[in-house]
Amino acid sequence: MRHQLTLHTMLERARRFFPDKEIVSRTGAGIFRYTYADYYDRTRRLAAALERLGVRRGDRVGTLAWNHHRHLEAYFAVPCMGASLHTVNLRLPPEHLAYVINHAGDRVLLVDADLVPLVEAVRPQLKTVEHYIIMADVSLPETRLSPVHGYEELLASAQEDYRFPEDVDEWAEAGICFSSATTGMPKGVCYAHRAIYLHSMMVCMADTVGVGERDVVMPVVPMFHVNAWGLPFAAVWMGAKQVLPGPRPDPHTLCRLIQDEKVTLAAGVPTVWMGVLQAVEQERYDLSSITRIACGGAAPPRALIEAYELKLGVPFLHAYGMTEGAPVTHVGRLKSTLEGAPTDQRYAKKAKQGLLAPGLDMKVVDAEGNEVPWDGRSMGEMALRGPWIADAYYDDGRTAETFRDGWYYTGDVVTVDPDGYMQIVDRVKDLVKSGGEWISSVDLENAIMAHPKVAEAAVVAVYHPKWQERPLACVVPKPGVELTGEEIKEFLKGRVADWWIPDDVVFIPEVPKTSVGKFDKKVLRTQYWNHLAQQQTMP
């Protein structure tokens, strides 16, 4: 049948079959609880309120918000009324923040009360916003924004019997996200209802993330970061209980939520799980309800995966994706044929980015465009295509650089082993080219972070007069330990090729991060590019 794949059908399923299931939301005023029946009614009211403010089909509504129930209401209210949801990354620098709001053409902004100053700072640059809605638990804060509305007041006065339109097309835009740019302004990626629907179906498969009705899902990954990896959409569709950790959750808060709400699936970036691991070591928390932790956004060190599984007994699921992939494209579940493999072999597989998700195609090509063998050694750039992979950037001249001949070229240099497990070797721009040979900064970082005294490590290429480039290790020691560069170099012997060992090690208080928590290596490259040359000229 020519059945439309839209978010409205997903929302209706939650209302009809799981009206009593719970959504738990941590807010500034404490823990808020309600059911999917309540959620459905408030979602309709939000759509009615937005329509009353002039939002029409095809318009974009922006959000600057943490992970909470009001943000979740916007996730379905906006697309189901035929508009498009723009989850704005609140960690963008001001010039990027103003750019993405203007470029998307957001007509309305829904803003958390504590984030109002971010919007006020760029208000003079905003060209399209007609209304500001402040999502607050109590009275509205003083603000220079205008016209401004209280979220709860709008819902209280909204039409109770609003009906979502039945004729929204599956190819209509449901949302837009912007990728964090390493150079230039962020790039917009539009998602059709169909793409989100199919991506959600994939996320619910047993051999990927496996979201189901029995789960208690806690997305720690921000809802402004590529739709929290699609988990809110999948959880609503399946009728899973959701636990939304609210503004600025610290590791101890996350541990208490897991323990008290019996969370079964939690998702976040490696730095989150490093913090939680330290919290568990400091204080006893019961994490026994967890059936898997999903980790992405950056490659988790193998030592982190082993610590969760072997010390805490918490299954650790490595996943990979990108804004252009809606976002999940690979998941690192072990095949049944590998379950009995030696421990070292199993964790070597689990540390990789994993198997391609069902529904997608992948190829790995060299600089001439020729496919390289899947032997676990041959490196090339990964290209993807499929029903939830973008085919262009929104109104952006950089589309042709990335989308070619029906494929999305990711910029990730990878290997694929004979079992099909993909591993990121590096970003094209982050490889160290030493004497014409490639050195993977990612592999070096993982090797260094296996050192028990190391908290974080980033490896960047720096200038060398003979070899063109050499690796420099920028290391963050764990608190209260003494660590030397020679100790790091000695640790790496036998773990990596001798010629990969960094020429020098510098110790830094923290690794610079992008707005989504990834290592910002361009800052380190700029700072240390002439580091080795300067050392050689020192008396």
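Okay, let's start with a salt bridge: Glu 22 and Lys 241 pair up, with their closest N and O atoms 3.6 Å apart. Glu 22 sits in strand E1, residues 22–27, and Lys 241 in strand E11, residues 241–244, so this contact ties together parts of the chain that are 219 residues apart in sequence. Before I go on, keep in mind that this is a predicted model.

So is Lys 241 buried or exposed? Lys 241 has a relative accessible area of 14%, so it counts as buried, since the cut-off for that is under 20%. Glu 22, on the other hand, comes in at 25% and counts as partly exposed.

How many salt bridges does the structure hold? The count is 36, and I'll pick out a couple more. Asp 59 forms one with Arg 107, and there the closest N and O atoms are 2.6 Å apart. This pair also links distant parts of the chain: Asp 59 is in the loop between helix H2 (36–52) and strand E3 (60–64), while Arg 107 is in strand E5, residues 106–112, and the two are 48 residues apart. Asp 59 has 16% relative accessibility, so that one goes down as buried.

Right next door in the sequence is Arg 60, whose side chain meets that of Glu 173 in a salt bridge, 2.7 Å from N to O. Arg 60 belongs to strand E3 and Glu 173 to strand E8, residues 173–179, so here parts 113 residues apart in sequence get tied together. As for accessibility, Arg 60 is buried at 8%, and Glu 173 is partly exposed at 22%. There's also a network: Arg 42, Arg 70, Glu 73, Asp 137 and Glu 152 are joined through salt bridges that share partners.

Now, E3, E5 and E8 have all come up already, so where do they sit? They're in an open sheet of 7 strands, and the order across it is E7-E6-E5-E3-E4-E8-E9, with mixed pairing. At the edges you have strand E7 (148–150) and strand E9 (187–192), each pairing on one side only. From one strand to the next, the twist averages 25°.

Over at the E7 edge, strand E6, residues 131–135, runs parallel to E7, and 3 bridges join the two. If you want a spot to click on there, Ile 134 stands opposite Gly 150 in E7. Helix H7, residues 193–203, packs on the sheet and touches E8 and E9, and its direction makes about 75° with that of E9.

Last stop, further along the chain: strand E13, residues 292–295. Which strands does E13 pair with? One is strand E12, residues 265–268, in the parallel sense over 4 bridges, and there Ala 267 stands opposite Ala 294 in E13. Another is strand E14, residues 316–321, again parallel, over 3 bridges. On that side, Cys 295 has His 318 in E14 as its bridge partner.

And how does the chain get from E13 to E14? The crossing goes through helix H11, residues 302–312, and this β-α-β crossover is right-handed. E12, helix H10 (residues 270–282) and E13 likewise make a right-handed β-α-β unit.

One more thing on E13: Arg 292 and Ala 294 point one way from the strand, Ile 293 and Cys 295 point the other way, and all of them are buried. That's it from me.

How values were computed. Residues numbered from 1 in each chain as written. Predicted model: local features only at pLDDT ≥ 70, side-chain atom pairs only at ≥ 80, totals over all residues. Heavy atoms only, no water. Buried < 20%, exposed > 50% of the residue type's maximum accessible area, 1.4 Å probe, protein only. Pairing = 2+ DSSP bridges. Right-handed = clockwise from strand over helix to strand, strands pointing away. Salt bridge = Lys/Arg side-chain N within 4 Å of Asp/Glu carboxyl O. Axes fitted to C-alpha atoms, helices over the stretch in contact; angles between N-to-C directions. Contact = heavy atoms within 4.5 Å.
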